Amino acid sequence: MKKFAAKAASALCAFGLGMALTASVQAATDEAIIERIKPAGSVCVQGDDSCGGAAAAAPASSGGARSGEEIYTGKCAACHASGVLGAPKFGTNEMQLRLDEKGMETLLSHAINGFNAMPPRGTCADCSDDEIQAAIDHMLK
Ligand code: HEC
């Protein structure tokens, strides 16, 4: 596949660019593409040294988690403080009523995967499942 791509690329070099140049152009292009398509935030794989210690950003991590209050205030309050778009309002029993009706498993799964106008993870892409759970617990206090 790679060989074919290189061949095809060099075939396109109708003005006699050498194979070496073609190869280096190819490499530079690959780098440029990787640079272009890489996500705005840096991805940190759990256990990777470049994550800087606690690896709190890894969605699956449970260690070094932020508190439910922190997550709520930073990510959920935007809608849940005032009940935007029908979001169960903080400081009322609205979340408790949903808990009684649906159970925690459903609430958590809706919070993680999204539910109507409730966006997946409440737009907190780097929140772990545990952090989402903690934020829900905070809303139930
Ligand atoms: C953009 C606004 C918005 C943000 C931000 C947001 N929510 Fe919501 N959330 C909603 C809305 C709207 C609903 C009600 C959806 C419905 O019942 O149709 C809701 C419902 C919920 C529910 C109940 C789901 C159910 O099954 O009834 C939970 C739990 C929840 N949100 C958790 C969170 C958590 C945790 C965060 C922060 C990490 C968060 N939300 C951030 C808008 C938001």
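## Exercises on helix packing and an iron site

In this predicted model, α3 and α6 pack at an angle of about 70°, with their axes 8 Å apart.

**Exercise 1. Classify the packing of α3 against α6, and state which residues make the contact.**

*Solution.* Step 1: the starting value is the interaxial angle of about 70°. Step 2: angles of 65 to 115 degrees count as roughly perpendicular, and α3 and α6 are therefore roughly perpendicular to each other. Step 3: on the α3 side, the contact is formed by G68, E69, I71, Y72, C76 and H80, while α6 contributes E131, A134, A135, H138 and M139.

Step 4: consider H138, which belongs to α6. Leaving aside neighbours within four places in sequence, H138 is in contact with G68, E69, Y72 and F90. With a relative accessibility of 12%, H138 counts as buried, because the limit for that class is under 20%.

**Exercise 2. Determine how α5 and α6 are arranged, and which residues join them.**

*Solution.* Step 1: the angle between α5 and α6 is about 120°, and their axes lie 10 Å apart. Step 2: this value makes α5 oblique to α6. Step 3: the handedness of the crossing in which α5 passes α6 is right-handed. Step 4: the contact involves M104, L107, L108, A111 and I112 from α5, together with D129, I132, Q133, I136, D137 and L140 from α6.

Step 5: I112 may be examined on its own. This residue lies in helix α5, which spans residues 104-113, and its relative accessibility of 17% places I112 among buried residues. Not counting residues up to four places away in sequence, I112 touches P120, R121, D129 and I132. The C-alpha atoms of I112 and C127 are separated by 9.2 Å, with the two residues 15 apart along the chain.

**Exercise 3. Describe the coordination of the iron atom of the ligand, and state what geometry the donors form.**

*Solution.* Step 1: the protein donors are NE2 of H80 and SD of M118, at 2.0 to 2.1 Å from the iron atom of the ligand. Step 2: the iron atom has 6 donor atoms around it, and these subtend angles of 86 to 179°, which makes the arrangement octahedral. For reference, the ideal angles for six octahedral donors are 90 or 180 degrees.

Step 3: the two protein ligands are then placed along the chain. H80 is in helix α3 (residues 68-80) and M118 in the loop between α5 and α6 (129-140), so the pair ties together parts that are 38 residues apart in sequence. Step 4: for exposure, H80 counts as buried at 7% relative accessibility, whereas M118 counts as partly exposed at 24%.

**Exercise 4. In the loop between α5 and α6, assess R121 and T123: what sign does phi take in each, and is each residue buried or exposed?**

*Solution.* Step 1: R121 lies in this loop, as does T123. Step 2: phi of R121 is near 55°, a positive value in a residue other than glycine. Phi of T123 is near 70°, likewise a positive value in a residue other than glycine. Step 3: R121 is buried, with a relative accessible area of 19%, but T123 counts as exposed at 56% relative accessibility.

**Exercise 5. Summarise the protein chain: how many helices and strands does it have, and what share of its residues is buried?**

*Solution.* Step 1: the secondary structure comes to 6 helices and 0 strands, and the elements run α-α-α-α-α-α from the N terminus on. Step 2: of the 141 residues, 23% count as buried. Step 3: among contacts between residues at least 6 apart in sequence, 43% join residues at least 24 apart.

Note on methods. Residues numbered from 1 in each chain as written. Predicted model: local features only at pLDDT ≥ 70, side-chain atom pairs only at ≥ 80, totals over all residues. Heavy atoms only, no water. Helix = DSSP H or I, 4+ residues; strand = E, 2+ residues; numbered from the N terminus. Buried < 20%, exposed > 50% of the residue type's maximum accessible area, 1.4 Å probe, protein only. Contact = heavy atoms within 4.5 Å. Donors = N, O, S within 2.8 Å, 3.2 Å for Na, K, Ca; no water. Tetrahedral: all angles 85-135°; square planar, octahedral: opposite > 155°, others 65-115°. Axes fitted to C-alpha atoms, helices over the stretch in contact; angles between N-to-C directions. Parallel < 35°, antiparallel > 145°, perpendicular 65-115°, else oblique. Left-handed = near helix turned anticlockwise from the far one by under 90°.
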